[in-house]
Amino acid sequence: MRPPAPKPPLATSTYNQQEPRPEKPLLLLASSRAAKLSLGCPLLDRFLSGGLPAASVTEIAGESAAGKTQLCLQLALLAPLSPLSSSSLFLYSDLPFPLRRLRLLAPKSRPDLLDHVLVAAVHSPSDLLSLLSRAQHHLAHPSRSPNRLPIRLILLDSIASLFRSDFDASPADLKRRSGLFFKISAKLKELAYRHQCVVVVTNQVVDVVEGNTGNTVAWSSGRQVSPALGLAWANCVNTRLFLTREVDGNGGSVKRHMKVVFAPHLPERTCEFVIRRTGVFGVEPAQR
């Protein structure tokens with residue numbers, strides 16, 4: 001068991017199987033009426049009916065190099081330019097924070113966008129709960145400085161990293177882990193609803209063992225994978241987006257897809273996207 005890490009300051013500037021869909025997600029405002037954050041690409045925005053909704057928790061699941069962190073960085077830079085006109089709070093558990101990539105994505109004409117991205121490292125579930133409680137104070141009492149936009153985007157990259165250790169398969173630990181899932185999701189939904197925030201959480205994947213049922217299953221990089229943390233966590237988010245990638249064995253090109261697994265305001269559907277130096281962009285069907 002690793003020793004508890006020191007608490008960081010709040011922030012510094014810089015498919016087949018169906019899952020249960022909750023009929024009344026906790027503290028969920030109707031997504032058709034909620035503000036939405038653009039992904040910076042008309043195709044992806046159209047695919048998601050306008051973008052990611054406020055007052056809701058969206059999970060982006062996928063294997064390593066699927067594009068999860070890229071999307072989060074892109075959203076962080078778009079928040080000040082969007083109708084939300086907000087700063088973002090980027091909580092990261094996968095060290096180190098990709099600062100170099102964030103700077104590359106920032107438009108050269110708008111280096112000030114980096115000042116609206118607040119980052120903080122998260123080392124454990126209890127550390128996350130503590131940071132979210134402290135963030136609540138900042139959301140309720142935003143800075144009056146004209147140079148600081150209010151926080152209306154919260155990004156957590158990633159939830160699975162917080163549960164890699166300190167838990168085993170014993171019934172007591174499984175119960176404790178599920179309890180932490182519900183505490184974390186309740187706090188995220190509370191912040192999303194009370195302050196009309198867009199909340200995005202990334203999740204990693206695990207290989208599907210024969211006989212696994214109930215959770216999302218998809219093919220990615222030639223193997224069957226499922227979002228980590230199981231059904232207990234799946235029931236803690238309002239929307240799940242699954243990113244997959246397939247490498248062409250001949251030319252070595254990579255095809256990436258984003259799938260809406262479940263959402264209260266979207267049907268299940270899939271679109272292709274690419275990652276370029278300038279960001280993440282959707283692909284028109286005719287271009288495939």
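This passage describes the surroundings of E59 and a set of salt bridges in a predicted model.

E59 is part of strand β3, which spans residues 56-62. The relative accessible area of E59 is 0%, and because buried means under 20%, E59 is classed as buried. The side chain of E59 makes a polar contact of 3.0 Å with the side chain of N203. N203 also appears among the residues in contact with E59 when neighbours within four places in sequence are left aside. The others in that list are V201, W233, V237, T239, R240 and L241.

Salt bridges were then considered. Side chains of opposite charge can pair when their charged atoms come close. Over the whole structure, 7 salt bridges are found. One of these salt bridges links E63 and R223, with 3.8 Å between the closest N and O atoms. E63 is located in the loop between β3 and α2 (68-78), whereas R223 belongs to strand β10 (residues 223-227). The two residues are 160 residues apart in sequence, so their pairing ties together parts of the chain separated by that distance. The partners also fall into separate accessibility classes: E63 is buried, at a relative accessible area of 8%, while R223 is partly exposed, at 31%.

A salt bridge is also present between the side chains of D112 and R110, where the N to O distance is 2.8 Å. D112 has a relative accessibility of 29% and counts as partly exposed. R110 is likewise partly exposed, with a value of 33%.

A further salt bridge joins the side chains of R194 and E190, at 2.9 Å from N to O. Both residues lie in helix α5, which covers residues 171-194. Their spacing of 4 residues corresponds to about one turn of the helix. R194 is exposed, with a relative accessible area of 58%; this class applies because the value is over 50%. E190, by contrast, counts as buried at 17% relative accessibility. In addition to the individual pairs, E63, D207 and R223 form one network through salt bridges that share partners.

In summary, E59 in strand β3 is buried, and its side chain is joined to that of N203 by a polar contact. Among the salt bridges described, the pair R194 and E190 lies within helix α5, while the pair E63 and R223 connects the loop between β3 and α2 with strand β10.

Terms used: Residues are numbered from 1 along each chain as its sequence is written. This is a predicted model: local features need pLDDT of at least 70, side-chain atom pairs count only at pLDDT 80 or more; totals for chains, interfaces and linings use all residues. Side-chain values use heavy atoms; hydrogens and water are left out. Buried means under 20% relative accessible area, exposed over 50%, partly exposed in between (1.4 Å probe, protein chains only). A polar contact is a pair of N or O atoms within 3.5 Å; within protein, one must be able to donate a hydrogen and the other to accept it, and residues adjacent in sequence count only if both atoms are side-chain atoms. Contact means heavy atoms within 4.5 Å. A salt bridge is a side-chain nitrogen of Lys or Arg within 4 Å of a carboxyl oxygen of Asp or Glu.
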